[in-house]
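Welcome, and please take a moment to look at the sequence and the 3D view together. The report below walks through them step by step.

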Amino acid sequence: MIRSELIQKIAEENPHLYQRDVEKIVNTIFEEIIDALADGNRVELRGFGAFSVKQRDARTGRNPRTGEAVQVEEKHVPFFKAGKLLRDRLNGRA
């Protein structure tokens, strides 16, 4: 599912809301999650999962084309851990 499909689905299930308002709501939620992660905070959505930021240390990698060793800088990457309810639904237990 992509963002526009999510917006469409929410708008269909809530006919009293305009689609442009649903779009603003969805975009605001995503922006708040992004801002929180950028500030180094953890975002937890009960029953769904938790977003956090993990640090990857600097390392020596390889250029796949030439096989040459290259230095890869340290970086921060988003990480998602699924909640119990989500895991249970994926495994057919709920």
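Let us start at a turn: in the hairpin of β3 and β4, six residues lie between the strands, and G67 takes a positive phi near 80°. Helices (H or I, at least four residues) and strands (E, at least two) are DSSP runs, numbered from the N terminus. Two strands are said to pair if DSSP finds at least two bridges between them.

A word on where the values come from. This is a predicted model, in which local features need pLDDT of at least 70 and side-chain atom pairs count only at pLDDT 80 or more, while totals for chains, interfaces and linings use all residues. Residues are numbered from 1 along each chain as its sequence is written, and side-chain values use heavy atoms, with hydrogens and water left out.

**The strands and their partners**

Staying with that hairpin, strand β3 covers residues 59-62, and strand β4 covers residues 69-72. The two pair in the antiparallel sense over four bridges, and R59 has V72 as its bridge partner in β4. T60 lies in β3. Which residues does T60 touch, not counting residues up to four places away in sequence? They are A69, V70 and Q71, where contact means heavy atoms within 4.5 Å. T60 and Q71 are 11 residues apart in sequence, with their C-alpha atoms 4.7 Å apart in space.

There is another hairpin, made by β1 and β2, with three residues between the strands; there G47 takes a positive phi near 85°. The table lists the strand pairs with their bridges.

| Strand pair | Sense | Bridges | A bridge partner pair |
|---|---|---|---|
| β1 (residues 43-45) and β2 (residues 49-56) | antiparallel | three bridges | E44 and A50 |
| β2 and β5 (residues 75-82) | antiparallel | eight bridges | F51 and F80 |
| β3 and β4 (residues 69-72) | antiparallel | four bridges | R59 and V72 |

Strand β2 thus appears with β1 and also with β5.

**The chain as a whole**

How many helices and strands does the protein chain have? There are three helices and five strands, and read along the sequence they follow the pattern α-α-β-β-β-β-β-α.

The radius of gyration, taken over C-alpha atoms, is 19 Å, whereas a compact globule of 94 residues would have one near 12 Å. The globule rule used here is 2.2 Å times the number of residues to the power 0.38. Along its principal axes, the C-alpha trace spans about 60 × 35 × 30 Å.

Buried residues make up 16% of the 94 residues. Buried means under 20% relative accessible area, exposed means over 50%, and partly exposed lies in between (1.4 Å probe, protein chains only). The chain exposes about 8000 Å², and carbon and sulfur atoms supply 51% of that area. Accessible areas come from the Shrake-Rupley method with a 1.4 Å probe; for residues, only the protein chains shown count as cover.

Among contacts between residues at least 6 apart in sequence, 29% join residues at least 24 apart. As for charges, the mean positions of the 17 positive and 15 negative ones are 8 Å apart. Lys and Arg count as positive and Asp and Glu as negative, while His and the chain ends are not counted. The place of a charge is taken as NZ of Lys, CZ of Arg, CG of Asp or CD of Glu.

**A few residues to find in the view**

Helix α2 (residues 19-38) includes L37. Why does L37 count as buried? Its relative accessibility is 15%. Leaving aside neighbours within four places in sequence, L37 is in contact with F51, S52 and V53. L37 and I25 are 12 residues apart in sequence and 19 Å apart in space, C-alpha to C-alpha.

S52 is found in strand β2 and counts as buried at 18% relative accessibility. Beyond four places in sequence, S52 touches L37, R42, V77, P78 and F79.

V26 also lies in helix α2. With 6% relative accessibility, V26 counts as buried, and the residues that V26 touches more than four places away in sequence are R3, L6, I7 and I10. From V26 to F79 there are 53 residues in sequence and 20 Å in space, C-alpha to C-alpha.

Is M1 buried or exposed? M1 is exposed, with a relative accessible area of 73%. M1 sits in the segment before α1 (3-13). The C-alpha atoms of M1 and R89 are separated by 17 Å, although their positions lie 88 residues apart along the chain.
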